[in-house]
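Thanks for coming, everyone. I have one structure to walk through today. Please keep the view open while I talk.

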Amino acid sequence: VIESSDTSESTLPFIVDGRITSQLATGERGLVLPNPDRLQLFSEAVIHPEDPPLPLPSSFDTGGKVHVFPYGITGGGDQTGGGVIVTTGGSSMRFGGGTIEASLVALRDGYEGQSSASGGATISFQGHTTVRGLVYAHDGIAMQGNSTVQGLVLCYYGNFESQGNSTVTLD
């Protein structure tokens with residue numbers, strides 16, 4: 001788990017200050033905690049433009065693709081297919097149980113003309129939720145109940161909060 005307030009020796013080389021680009025400023029030294037490459041991430045993405053967002057179906061197969069939800073998502077049940085689920089513009093993701101076999105990415109910056117927002121690019125899990133993949137949020141990540149992540153958890157500018165019986169295993 002890497003979060004913005006992490007000052008452990010293993011994360012000292014990274015600059016984690018909330019910027020949403022991966023570039024160093026003139027004169028800076030170190031490595032910026034990487035942001036996803038937008039061109040690569042969105043090049044063949046499936047866009048779900050519903051506003052307000054519809055809940056994910058109880059069984060959602062990503063088909064190995066990137067699925068972008070500009071206005072956020074809520075879900076419960078199983079998400080399969082090994083793809084990537086993305087929210088943009090500071091929108092959140094909320095999951096209420098099930099198995100998620102996909103990477104989850106919540107970004108502050110907008111998608112094609114959508115304004116950027118800070119403070120809302122969060123991912124939260126409640127109930128019995130298992131995630132197999134990357135969990136990456138520009139803001140916070142919250143795990144409540146019996147939640148498990150088998151992968152990497154990155155809180156870019158927020159905090160990682162865990163309540164109940166939550167486990168993170170680097171896989």
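Start at Phe 60. Its relative accessible area is 11%, so Phe 60 counts as buried, since the cut-off is under 20%. Now look at its partner, Phe 69. These two rings form an aromatic pair, edge-to-face. Their centres are 6.3 Å apart, with 65 degrees between the planes. Is Phe 69 buried or exposed? Phe 69 is buried too, because its relative accessibility is 6%, and the limit is under 20%.

A word of care here. This is a predicted model. Every value I quote is computed from it.

How many aromatic pairs does the count give? Two. One is the edge-to-face pair of Phe 60 and Phe 69. The other is Phe 95 with Phe 125, and that pair is stacked. Here the centres lie 5.9 Å apart, and the planes differ by 20 degrees. This pair links distant parts of the chain. Phe 95 sits in strand β9, residues 93–95. Phe 125 sits in strand β12, 30 residues away. Both Phe 95 and Phe 125 are buried.

Let's step back to the whole protein. It has one helix and 19 strands. There are 171 residues, and buried ones make up 46% of them. The exposed surface comes to about 8400 Å². Carbon and sulfur atoms supply 50% of that surface. Next, the contacts between residues at least 6 apart in sequence. Of these, 30% join residues at least 24 apart.

Now the sheets. One is an open sheet of six strands, paired in parallel. What is the strand order? It runs β3-β5-β8-β11-β14-β17. At the edges stand β3, residues 46–47, and β17, residues 153–155. Each has a single partner strand, so one side of each is left without a neighbour in the sheet.

Walk across this sheet with me. β5 and β8 run parallel, joined by four bridges. There, Val 68 has Val 86 of β8 as its bridge partner. Next, β8 pairs with β11, again parallel, over four bridges. Thr 87 stands opposite Ala 106 in β11. Then β11, residues 103–106, joins β14, residues 135–137, through three bridges. That pairing is parallel as well. Ala 106 turns up again here, opposite Ala 137 in β14.

Stay on β8 for a moment. Which way do its residues point? Val 84 and Val 86 point one way. Ile 85 and Thr 87 point the other way. All four are buried.

Val 66 belongs to strand β5. Its relative accessibility is 16%, so Val 66 counts as buried. Set aside its neighbours within four places in sequence. What does Val 66 contact then? Leu 41, Ala 45, Val 46, Val 84 and Val 86. Take Val 46 from that list. Val 46 and Val 66 are 20 residues apart in sequence. In space, their C-alpha atoms are 6.2 Å apart.

On to another open sheet, with five strands. The order is β6-β9-β12-β15-β18, and the pairing is parallel. Its edges are β6, residues 73–75, and β18, residues 160–163. Each edge strand has a single partner, so one side has no neighbour in the sheet. From one strand to the next, the twist averages 5 degrees. Inside this sheet, β12 and β15 pair in the parallel sense over three bridges. They cover residues 123–125 and 141–144. Ile 123 faces Ile 141 of β15 there.

Two loop residues to finish. Where is Thr 62? It lies in the loop between β4, residues 59–61, and β5, residues 66–69. Thr 62 is buried, at 1% relative accessible area. Its side chain reaches the backbone nitrogen of Gly 83 at 2.8 Å. Beyond four places in sequence, Thr 62 touches several residues, including His 67, Thr 80, Ile 85 and Ala 102.

Last stop: Pro 52, in the loop between β3 and β4. The peptide bond joining Asp 51 and Pro 52 is cis. Its omega is about 5 degrees.

That's my tour. Over to you.

Notes: Residues numbered from 1 in each chain as written. Predicted model: local features only at pLDDT ≥ 70, side-chain atom pairs only at ≥ 80, totals over all residues. Heavy atoms only, no water. Pairing = 2+ DSSP bridges. Axes fitted to C-alpha atoms, helices over the stretch in contact; angles between N-to-C directions. Buried < 20%, exposed > 50% of the residue type's maximum accessible area, 1.4 Å probe, protein only. Polar contact = N/O pair within 3.5 Å; in protein donor to acceptor, adjacent residues only side chain to side chain. Contact = heavy atoms within 4.5 Å. Areas by Shrake-Rupley, 256 points an atom, 1.4 Å probe, with all protein chains shown as cover. Phe/Tyr/Trp six-rings, centres within 6.5 Å; stacked < 30°, edge-to-face > 60°.
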